[in-house]
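Me: I would like to understand the words used for a protein model, and how each of them follows from a value. Could we go through them slowly, with the model in view?

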Amino acid sequence: MVLLKSLIRQVFLCFALFLLCLTFSIGQVDSIFNDVMSNYRSGNYAESTATLISMLDTLDESELKTHIKARSMLISIYCYIDSCTVSEPFYEYLSTVKTTQDTLDSERLNGVAYYLFNTRQYKEAIINYDDFYEVSRRAGLHDYAIKALVTKSMCQNYSDLDDESVNTLHFASRLLDSLQLSPKAERFRRFQINNEIGLALKKSKDFEKSNAYYFKALAIDSISERSVGSVKGNLVANYYSMGDYEQCITFAKEVVANPKTKLSTVVYALDDMIRSLIALGQVSEAAKYLKVLDEEIGDENSPYYKQNYINAKGNLLVAQGRPHQGIKYLRQAFDYVYAEYPESFRTKQAFAEEIMNAHYLTIDDKTFQQDFKHYKEAMDSIEVSNNRNEILKATIKYEAKIKQDSIDHLALVLENRAYQIRNQRISMVALLFGFLSTGLLAFLLRGRYLRSKEENEKLVFENQELISINQSLQKKMVTVSNPNITKVANTVKFKSLDKIYTIEHHVITHLEAESNGCRVHTIDKSYWTDKSLKTFKSELPDTIFVQVHRSNIVNLLHVEWVNHATLQLKNGISVKIGRTYKEDIKNAIK
C-alpha cells in the first residue's frame, strides 16, 4: 500500500512537471510569435523572417502547430514584400501536410490560399478560401472567417467576377455585424471590406461610389500608414480614370511621401501621376517623376514593376512628339506582360490601348496591324460584357486610321510633287538672279578696282613726295645740332603785359593766333602779345619760319616729322596743316 502511494505520487509529480514544461514551451513560442508580429508591423521584415526561420530550425516534427503557424506567417511576410518565390517551399509544406484539427487546418489553409492569391492563381485561391472560411467558422476563428471572405472577394475581383465580389463583401459585412470581435480586429476588417467594395465598384466604373467607400475606409481610426497608403493609391487610380488629373496628382504625392506605403502601390501611383502630368501638358514635370519612378523600382525589384517604368517612358516619348520611339518602349512593356503575366488582364489592356493611341499619332506605321491584333487579344482575354463594344470601337477606329493613312500618304505624295515643281521654279529664278547679280557685282568691282588703282597711284606719288620732304627736313634740322648755326643773331621784339621781350629766332618753336593777338611758344615758355600773326610772318625769315595753317606758324628747326595732314614738333605738340599751305611747306623744306 505504501509502495502504491509512492508510485502514484511520482506519476502525479511527473505529470505536473510535464504540464509545467509544456506551459513554458507554449509561452515561449507565443512570445516569439508576438515579437515577430511586432517587428512585422514596424516594417522590420528581415528580422521577422530571420526569427521564424531560426525557430523552424530548432523544432522537431512533432510540434506541428508551430511548424504550420511559422510557415504561414513566412508566406504572409514574403508575399507582402513582393518576394513570393522565396515562400514557395513553405507553401509546398502547407499544401501537403495532413492535419486533423480545424484550428490547425485553418492556419494551414490561410498560408496556402494567401500564396495562391499573391502568385495570381485566383481560381485555385477562391476554392482554398472557401475551405478556409468553412474550417475557420467550425473552429470559432471568426476573424479568420472574415479574412477568408475579404480575400476571396479580392480574388473574384481580379478574376473579373465583379458582382460576385461585391456579394461576398456584403455577406462579410453582415457577418461582421453579428460577430463579437475585438475592437482592433473589427476596425481592420471594416477597413478591408470598405476598401474592397471600392475596388469592385471601380471595376464597374462607378467611380463616385467607389471613392465614397475609399473615404469611409480612411475615416476608420487606428489604421496603419501602409494600409492608408494602399487606399490612397486606389484613389489615385480612380481620379485618373475619372479624368480628374489634379486630384490624381495630389493623392499620388501623398502616396509617394508615405515611407510605409507598399512598393507596388508607389509604382502604380507614380505611373498614373506621370500619365496625369502628360495629360495636363506638364511634360517636363512628368520627366522628373519618371526619374523618381526609376529610383523607387531600382535594379533589384520585380521585373514586372520595371515594365511600368518602360511603359511610362514610352508614354513620355509620345508626349514629347516622338511616337515611333515611344511605341518601341510601349511594345516592349506589353510583350513582357503578355508573355510573363498572362493573368494580368487589366495591365495588358491598358498597355495595348496606349500602343494604339500612340499609333494614331503616326502615319503609315508598318507595325500597326500587328499591334492591333495584340490589342484585340488582350481585350478578348477579359471576360467583361462591354469588351465587345470596346473592340468594335477600336476596329472602327482602326479601319478609319487605315483609310486616313492612305489619304495622308496620297496627300503627302502630291505635296512632295508640288514641292519639287516649286523648288525647280525657285532654282531657275535663283540661277537667273545669280547670273544677273554676278554680272552687276563684276561691273561694280571693276569700277571700284579702277578707282582704287588711281587712288593708290596717287598715294604712292604723295608718299614718295613725303619721303622727299622729310629727307629735306632732316637735312635742314642738322642745323639744330650745330651751335654756330642755331644761335643766329636774328631776334624778334614784341610787347607782352607792358614788357618788351627780345627773343632769338631759334628759341621759338611756333606761333599760334589767338583772339586780339598772338601767342608765341618758345622751348620753355609761351607769351601772349597783341601783335598779329600776319605781322610776325612779315618780320620772321621765311627760310626757317613757315605758315602751315591760317592760325599757325612753325619753326622748321623744331619739326620732327610731317605727313599729309599733321606736323609733329620735337616737344610732342601736333599742328594741323591747312590744305592751302601744303605747297608753302614743300617749298620751304626744299
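Me: What makes E1 and E2 a hairpin, and how many residues lie between them?

Reply: In this predicted model, strand E1 (residues 491-496) and strand E2 (residues 499-504) pair in the antiparallel sense, and two residues between them complete the hairpin. Six bridges join E1 and E2, whereas at least two bridges are required for two strands to pair, so they count as paired. One of the bridge pairs is formed by Lys495 and its partner Ile500 in E2.

Me: Why is Leu497 called exposed?

Reply: Leu497 is found in the loop between E1 and E2, and its relative accessibility is 73%. Exposed means over 50%, so Leu497, at 73%, counts as exposed. Leu497 also has a positive phi, near 55°, although the residue is not a glycine.

Me: Why is Arg120 called partly exposed?

Reply: Arg120 lies in the loop between helix H5 (102-118) and helix H6 (122-139), and it has a positive phi of about 65° without being a glycine. Its relative accessibility is 27%; since buried means under 20% and exposed means over 50%, with partly exposed in between, Arg120 counts as partly exposed.

Me: Is Met55 buried or exposed, and how do you know?

Reply: Met55 is found in helix H2 (residues 45-58), and its relative accessibility is 6%. Because the limit for buried is under 20%, Met55 counts as buried at 6%. The C-alpha atom of Met55 is separated by 8.2 Å from that of Ala70, and these two residues are 15 residues apart along the chain. For the protein chain of 590 residues, the share that counts as buried is 42%.

Me: What makes helix H7 roughly parallel to helix H9?

Reply: Helix H7 (residues 142-158) and helix H9 (residues 183-203) pack at an angle of about 15°, and their axes are 10 Å apart. Angles under 35 degrees count as roughly parallel, so the angle of about 15° makes H7 roughly parallel to H9. The crossing in which H7 passes H9 is left-handed.

Me: Which residues meet where H7 and H9 are in contact?

Reply: Among them are Ile146, Val150 and Met154 in H7, and Arg189, Ile193 and Leu199 in H9. Sorted by class, the contact of H7 with H9 has eight nonpolar, three polar and five charged residues.

Me: Why are H4 and H5 called oblique to each other?

Reply: Helix H4 (residues 88-96) and H5 pack at an angle of about 135°, with their axes 9 Å apart. Roughly antiparallel needs an angle over 145 degrees, and roughly perpendicular covers 65 to 115; an angle of about 135° falls in neither class, and H4 and H5 are therefore oblique to each other. H4 passes H5 in a left-handed crossing. Glu88, Tyr91, Leu94 and Ser95 in H4 meet Arg108, Gly111, Val112, Tyr115 and Leu116 in H5, and by class this contact has five nonpolar, two polar and two charged residues.

Me: What makes E5 and E6 edge strands?

Reply: Five strands form an open sheet in the order E5-E4-E3-E7-E6, with antiparallel pairing. Strand E5 (526-529) and strand E6 (545-549) each pair on one side only, and they are the edge strands. The twist averages 20° from one strand to the next.

Me: How do you know that E3 and E7 pair?

Reply: Strand E3 (residues 508-514) and strand E7 (residues 552-555) run antiparallel and are joined by three bridges. At least two bridges are needed for two strands to pair, so E3 and E7 meet the requirement. Within E7, Ile553 is the residue that Leu511 stands opposite.

Me: Which strands are at the edges of the sheet E8-E9-E10?

Reply: This open sheet has three strands with antiparallel pairing, and its edge strands are strand E8 (559-562) and strand E10 (574-576), each of which pairs on one side only. Neighbouring strands of this sheet are turned by 25° against each other on average, direction ignored. Strand E9 (residues 566-569) is joined to E10 by three bridges, and Gln568 stands opposite Ser574 in E10.

Terms used. Residues are numbered from 1 along each chain as its sequence is written. This is a predicted model: local features need pLDDT of at least 70, side-chain atom pairs count only at pLDDT 80 or more; totals for chains, interfaces and linings use all residues. Side-chain values use heavy atoms; hydrogens and water are left out. Helices (H or I, at least four residues) and strands (E, at least two) are DSSP runs, numbered from the N terminus. Axes are lines fitted to C-alpha atoms, for helices over the stretch in contact, and angles run from 0 to 180 degrees between N-to-C directions. A crossing is left-handed if the near helix is turned anticlockwise from the far one by less than a right angle, and right-handed if clockwise. Contact means heavy atoms within 4.5 Å. Ala, Val, Leu, Ile, Met, Phe, Trp, Tyr, Cys and Pro count as nonpolar, Asp, Glu, Lys and Arg as charged, and the others, Gly among them, as polar. Buried means under 20% relative accessible area, exposed over 50%, partly exposed in between (1.4 Å probe, protein chains only).
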